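Reader: I'd like to learn how to read a fold like this one from its atoms. Can we go feature by feature?

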Amino acid sequence: NGVRKANQDVLFQLADIFNVSVDDFFPPRDSMPSNIIYPLSSGLQQVSIPIIGTIACGDPITAEENIEGYTKETFEKPVPSGTLFALRCKGHSMEPIIPNGALVTLRAQPNVEDDEIAAVLVDGDNEATLKRIKHQNGMVMLLPENKDYTPIILNKDNPGRIVGKVIHVSWDIK
């Protein structure tokens, strides 16, 4: 918070403890926070992941990135590579596999394979949605799991871009 300056030796020790680079303590202002990895016993590692907002599981909603907090997810070693972030799901188009209110962990990446689930920015990068991806004849289809919803077709007239692949889903059982 800028009240005290850290001793350089302490920064290197902290970087070793948290398995990050010293540079990760000083990210650019417009970048996403890095994921901090906590070693656990028996081949597991816990990762602190920023929750950066809400994503539609239905009609696309306005995409806003505001860190609301952090979640911790446990993975078998090694932790998935790349930048991880989490989004809270709003809507029913991905039910039953991703229910309304679920928290999805994603790896930031611009492409996914067919049948993988991704966060996609559509409508000039102003709206975001979570859907299963299918590539066909130069188009990308965004497919809902719930048959009550219709697919979204991305093409040159209706562009979009993938921002991340879903790697974990969690929710409260009621």
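Reader: Let's start with strand pairing: which residue in strand 5 stands opposite isoleucine 55?
Author: Cysteine 89 does. Bear in mind that this is a predicted model. The pairing belongs to a set of 4 bridges that join strand 2 to strand 5 (residues 84-90), and these two strands run parallel.

Reader: And strand 4: does it run parallel or antiparallel to strand 2?
Author: Antiparallel, with 8 bridges joining strand 2 to strand 4 (residues 69-76). One facing pair to look for is serine 48 and lysine 72, the latter in strand 4.

Reader: How many residues of strand 2 are buried?
Author: In general, side chains in a regular strand alternate between the two faces of the sheet. Here, strand 2 (residues 44-56) is mostly covered, with 10 of its 13 residues buried.

Reader: Now the whole chain. How many helices and strands are there?
Author: The chain has 1 helix and 11 strands. Reading from the N terminus, the helix comes at the start of the order, α-β-β-β-β-β-β-β-β-β-β-β. Of the 174 residues, 37% are buried.

Reader: What share of the contacts with a separation of 6 or more comes from residues 24 or more positions apart?
Author: Those residues account for 55% of them. For a single residue's view, take threonine 105 in strand 6 (residues 103-108). Leaving aside neighbours within four places in sequence, threonine 105 touches Ile49, Glu73, Phe85, Ala86, Lys165, Val166, Ile167 and His168.

Reader: Why does threonine 105 count as buried?
Author: The cut-off is under 20% relative accessible area. Threonine 105 has a value of 0%, so it counts as buried. Try leucine 121 in strand 7 (residues 117-122) as a second case. Leucine 121 comes out at 11%, so it is buried too. Leucine 121 and isoleucine 55 are 66 residues apart in sequence, and their C-alpha atoms are 9.9 Å apart in space.

Reader: What about charged pairs? How many salt bridges does the count come to?
Author: The general idea is that side chains of opposite charge can pair when their charged atoms come close. In this model the count comes to 2 salt bridges. One of them joins the side chains of glutamate 116 and lysine 165, at 2.8 Å from N to O. That pair links distant parts of the chain, 49 residues apart: glutamate 116 is in the loop between strand 6 and strand 7, and lysine 165 is in strand 11 (residues 160-170).

Reader: Are glutamate 116 and lysine 165 buried or exposed?
Author: Both are buried. Now for glutamate 145, which forms a salt bridge with arginine 132, the closest N and O atoms being 2.5 Å apart. Glutamate 145 sits in the loop between strand 9 (139-143) and strand 10 (152-154), while arginine 132 is in strand 8 (residues 127-136), so the pair ties together parts 13 residues apart in sequence. Glutamate 145 is partly exposed, at 22% relative accessible area.

Reader: Last one, the surface. Which residues make the nonpolar patch?
Author: Val10, Leu14 and Ile17 make a patch of about 230 Å². Leucine 14 belongs to helix 1 (residues 8-18), and leucine 14 is partly exposed, with a relative accessible area of 31%. As for the chain, it exposes about 10,700 Å², and carbon and sulfur atoms supply 49% of that.

Technical notes: Residues are numbered from 1 along each chain as its sequence is written. This is a predicted model: local features need pLDDT of at least 70, side-chain atom pairs count only at pLDDT 80 or more; totals for chains, interfaces and linings use all residues. Side-chain values use heavy atoms; hydrogens and water are left out. Buried means under 20% relative accessible area, exposed over 50%, partly exposed in between (1.4 Å probe, protein chains only). Contact means heavy atoms within 4.5 Å. Accessible areas come from the Shrake-Rupley method with a 1.4 Å probe; for residues, only the protein chains shown count as cover. Patches are made of residues with over 30% relative accessible area and no salt bridge: like charges are joined within 9 Å, nonpolar side chains (Val, Leu, Ile, Met, Phe, Trp, Tyr) within 5 Å. A salt bridge is a side-chain nitrogen of Lys or Arg within 4 Å of a carboxyl oxygen of Asp or Glu. Two strands pair if DSSP finds at least two bridges between them.
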